[in-house]
Amino acid sequence: MKKSKNKKKKIAVITGASEGIGASLVGELLHDNYEVIALSRNLKKLSKLKSAYPKYKKDLKIFSVDVTNSSQLLSVSKEIHSPDLLILNAGIYEPVSIENFSLETFIKQSEINYLGVIKSFDAFLKKMLINKSGIVLIMSSIAGWVGLPKASAYAPTKSALRLFAQSIRYDLAKYNIIIKLCSPGFVNTKAVKVNDFKMPGLIEPNVAAKIILKNLSSKKFEITFPWFFSTFMKFLTYLPDNLSYKFIKYVTSYEKEK
Ligand SMILES: NC(=O)c1ccc[n+]([C@@H]2O[C@H](COP(=O)([O-])OP(=O)(O)OC[C@H]3O[C@@H](n4cnc5c(N)ncnc54)[C@H](OP(=O)(O)O)[C@@H]3O)[C@@H](O)[C@H]2O)c1
């Protein structure tokens, strides 16, 4: 049977789309017949991404946007229809060492990872409320579940996103908007190159993107993977604090690193 040419494509907006998990999601969404609005700061990287998908030239729109800048986000929102899928993915990871403690790294990660998500959400929210439909996917992390070495600036931003998503879920339900939290384990991107330890369950970004999209239509609030590592980390959250602390310190050999 011939496909109807006039069938309107679903629109996906994704922040942090120029590389890593975001770029893989762009590819998967294009294959899934979405019109994709890809945002990140670096237009060069975005243009490279666009040229990687010549077949989808018309379906991929790129915009240079910093998620800490509300007016840049709002100007993109003005140019497009209400998103059917809003993926708030932009984020950075900078480890903390007590010897080089820097307030800057806390401020930067909070502004991008937490407030950047809230600003992006705010920019597209009105349209979604009027449309009374859509999915919002918030990129958190397993690192937001339990305190981990070196993650004292990063982990709280991801934990805050969890509570944001859990809380706003009640309000969005009235407007038929579904909110989902995504909590990946280790994904092999630029962000984890700073890690000098063996990352258990490390997966490739294209695998992560496939898992995320496969679970988009499920009833699950939280999408987490890979299965073994996430189940193990979930188990740690059920332990008393002193026990999980001792255990994590032991398996990461944290004391020996000093
Ligand atoms: N990799 C992992 O193991 C892992 C695990 C759990 C959760 N996550 C989360 O997954 C998300 C994607 O991470 P990734 O591993 O794919 O990292 P990545 O490869 O470093 O990509 C990060 C993306 O975010 C964009 N970005 C950073 N700061 C931005 C800003 N101020 N405004 C707009 N875009 C910005 C970057 O693009 P520009 O530089 O062009 O702006 C890039 O496209 C992050 O939220 C991260 O915390 C990652």
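## The central sheet

In this predicted model, seven strands make up an open sheet whose order is S3-S2-S1-S4-S5-S6-S7, and the pairing throughout is parallel. Strand S3 (60-64) and strand S7 (222-225) are the edge strands, each of them pairing on one side only. From one strand to the next, the twist averages 15°.

At one end of that order, strand S2 (residues 34-40) is joined to S3 by five bridges, and the two run parallel. Within this pair, Ser 40 stands opposite Ser 64 in S3.

## Helix H1 on the sheet and against H6

Helix H1 (residues 20-31) lies across strand S1 (10-15), S2, S3 and strand S4 (85-88), and the angle at which H1 runs to S2 is about 165°.

H1 also packs against another helix: the axes of H1 and helix H6 (residues 205-214) come within 8 Å and cross at roughly 60°, which makes H1 oblique to H6. The crossing in which H1 passes H6 is right-handed. On the H1 side the residues involved are Gly 20, Ile 21, Ser 24, Leu 25 and Glu 28, and these meet Pro 205, Asn 206, Ala 208, Ala 209, Lys 210, Ile 212 and Leu 213 in H6. By class, the residues of this contact of H1 with H6 comprise seven nonpolar, three polar and two charged.

## The ligand shell

The ligand is surrounded by 31 residues, of which Gly 16, Gly 20, Arg 41, Asn 42 and Gly 91 come nearest. Gly 20 therefore appears in two settings, since this residue of H1 is also among those that meet H6, and it is one of the residues that come nearest to the ligand.

Both H1 and helix H4 (103-131) supply at least two residues each to the shell around the ligand, and the largest share, three residues, comes from H1. Sorted by class, the shell holds 13 nonpolar, 13 polar and five charged residues.

## Helix H4 and its two partners

The axes of helix H3 (residues 70-79) and H4 come within 9 Å of each other and cross at roughly 30°, so H3 and H4 are roughly parallel to each other. H3 passes H4 in a crossing that is right-handed. The contact is made on one side by Ser 70, Leu 73, Leu 74 and Ser 77 of H3, and on the other by Lys 119, Ser 120, Asp 122, Ala 123, Phe 124 and Lys 127 of H4. The residues of this contact of H3 with H4 fall into four nonpolar, three polar and three charged.

H4 packs as well with helix H5 (residues 154-173), at an angle of about 10° and with their axes 9 Å apart, which makes H4 roughly parallel to H5. Here H4 contributes Gln 109, Ser 110, Asn 113, Tyr 114 and Val 117, while H5 contributes Tyr 154, Thr 157, Lys 158, Ala 160 and Leu 161. The residues of this contact of H4 with H5 divide into five nonpolar, four polar and one charged.

## Backbone features in two loops

Two loop residues deserve a separate note. Lys 132, which lies in the loop between H4 and strand S5 (134-139), has a phi near 50°, a positive value in a residue other than glycine.

Pro 226 is found in the loop between S7 and helix H7 (227-238), and the peptide bond that leads from Phe 225 to Pro 226 is cis, with omega near -10°. Phe 225 is the last residue in the range given for S7 (222-225), which is one of the edge strands of the sheet.

How values were computed: Residues are numbered from 1 along each chain as its sequence is written. This is a predicted model: local features need pLDDT of at least 70, side-chain atom pairs count only at pLDDT 80 or more; totals for chains, interfaces and linings use all residues. Two strands pair if DSSP finds at least two bridges between them. Helices (H or I, at least four residues) and strands (E, at least two) are DSSP runs, numbered from the N terminus. Axes are lines fitted to C-alpha atoms, for helices over the stretch in contact, and angles run from 0 to 180 degrees between N-to-C directions. Two residues are in contact if their C-beta atoms, placed from the backbone, lie within 7 Å. Angles under 35 degrees count as roughly parallel, over 145 as roughly antiparallel, 65 to 115 as roughly perpendicular and the rest as oblique. A crossing is left-handed if the near helix is turned anticlockwise from the far one by less than a right angle, and right-handed if clockwise. Ala, Val, Leu, Ile, Met, Phe, Trp, Tyr, Cys and Pro count as nonpolar, Asp, Glu, Lys and Arg as charged, and the others, Gly among them, as polar. A residue is near a molecule or strand if its C-beta atom, placed from the backbone, lies within 6 Å of it.
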